[in-house]
Amino acid sequence: DVLPIIIQQVNYLLLEIVDFQLVFKLIPHNQHIEVEMKHRDVSYSLATCSSSEKVISDIVTRTVLSKLVNKTHIGNIFIGDEIFAQFDIERKSQIPKVFDFLRRHFDISLIITHNDDIRQMANKRIQIIEKDPWSTLIY
């Protein structure tokens, strides 16, 4: 069974960013996996958690799954579009940790954002300038 391996690796990597863990429960009759966030010994359905908690959980889970599936690490890339847009004040302070996490686990991370503060955290920036009828990339 691969689920215990996924759970262990997800929770190990979550420690790099946050102070909560995930609990995965397989529901056999419909082959569905319920995910709960466990924080200070209290469990919450991930569906009811904040957007930032869902995003961080998603990034870490996708990282674990991509490593399990892609043993060659060819195309080891993460792409996220406005993934930090819904972060509340408390979670915004964790964005640098998320960037560090992505740098450690992916060869390339492409984060699409309109937020100047988030742009400043990137090692490299690509700016797209729209000009009729073409767009120009500035590195």
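Select Arg-119 to begin: at 32% relative accessibility, Arg-119 counts as partly exposed. You're looking at a predicted model, by the way. Now add Asp-116, which is partly exposed too, with a relative accessible area of 48%. The side chains of these two meet in a salt bridge, 3.0 Å from N to O. Side chains of opposite charge can pair when their charged atoms come close. Both Asp-116 and Arg-119 belong to helix α5, residues 116-119, and sit three residues apart, about one turn of the helix. An α-helix has 3.6 residues a turn, so residues three or four places apart point the same way.

How many salt bridges does a search of the whole structure find? It turns up six. Let's visit another one.

**Next stop: strands β1 and β2**

Select residues 21-27 for β1 and 32-39 for β2. These strands pair in the antiparallel sense, over seven bridges. Together β1 and β2 make a hairpin with four residues between them. Click on Gln-31 in the turn: its phi is positive, about 50 degrees. Then pick Phe-24 and look for Val-35 in β2, which stands opposite.

Now show the side chains of Lys-25 and Glu-36, which form a salt bridge whose closest N and O atoms are 3.4 Å apart. Lys-25 lies in β1 and Glu-36 in β2, so this pair ties together parts that are eleven residues apart in sequence. Is Glu-36 buried or exposed? It's buried, with a relative accessible area of 17%, because the cut-off for buried is under 20%. Lys-25, on the other hand, is partly exposed at 37%.

**Next stop: helix α2**

Select residues 51-69 to see helix α2. Try a distance between its end C-alpha atoms: they are 26 Å apart. Why does that agree with what you'd expect? At 1.5 Å a residue, the 19 residues of α2 should span 27 Å, so the two values agree.

Several α2 residues are buried, including Val-55, Ile-56, Ile-59, Val-60 and Val-64. What do the buried residues of α2 pack against? Colour these elements to find out: α1 (3-14), β1, β2, β4, α3 (89-92) and α4 (95-105).

Zoom in on Ser-52 in α2. Ser-52 is buried, with a relative accessible area of 0%. Leaving aside neighbours within four places in sequence, Ser-52 is in contact with Gln-86, Phe-87, Asp-88 and Arg-91.

Keep Arg-91 selected and add Glu-53, since there's a salt bridge here as well: the closest N and O atoms of Glu-53 and Arg-91 are 2.9 Å apart. The pair links distant parts of the chain, with Glu-53 in helix α2 and Arg-91 in helix α3, 38 residues apart. Both Glu-53 and Arg-91 are buried.

Now move along α2 to Ser-66. Ser-66 counts as partly exposed, at 27% relative accessibility. Add Phe-106: the two are 40 residues apart in sequence, but 10.0 Å apart in space, C-alpha to C-alpha.

**Last stop: a nonpolar patch**

Switch on the surface and select Ile-77, Ile-79, Ile-108, Leu-110, Ile-112, Ile-126 and Ile-128. Together they form a nonpolar patch with about 620 Å² of accessible area. Two elements give two or more residues to the patch, β4 (77-81) and β5 (108-112). Which element gives the largest share? That's β5, with three residues. Finish on Leu-110 in strand β5, which counts as partly exposed at 37% relative accessibility.

Terms used
Residues numbered from 1 in each chain as written. Predicted model: local features only at pLDDT ≥ 70, side-chain atom pairs only at ≥ 80, totals over all residues. Heavy atoms only, no water. Patch = residues over 30% accessible without salt bridge, like charges linked within 9 Å, V, L, I, M, F, W, Y side chains within 5 Å. Areas by Shrake-Rupley, 256 points an atom, 1.4 Å probe, with all protein chains shown as cover. Salt bridge = Lys/Arg side-chain N within 4 Å of Asp/Glu carboxyl O. Buried < 20%, exposed > 50% of the residue type's maximum accessible area, 1.4 Å probe, protein only. Expected span 1.5 Å × (residues − 1). Contact = heavy atoms within 4.5 Å. Pairing = 2+ DSSP bridges.
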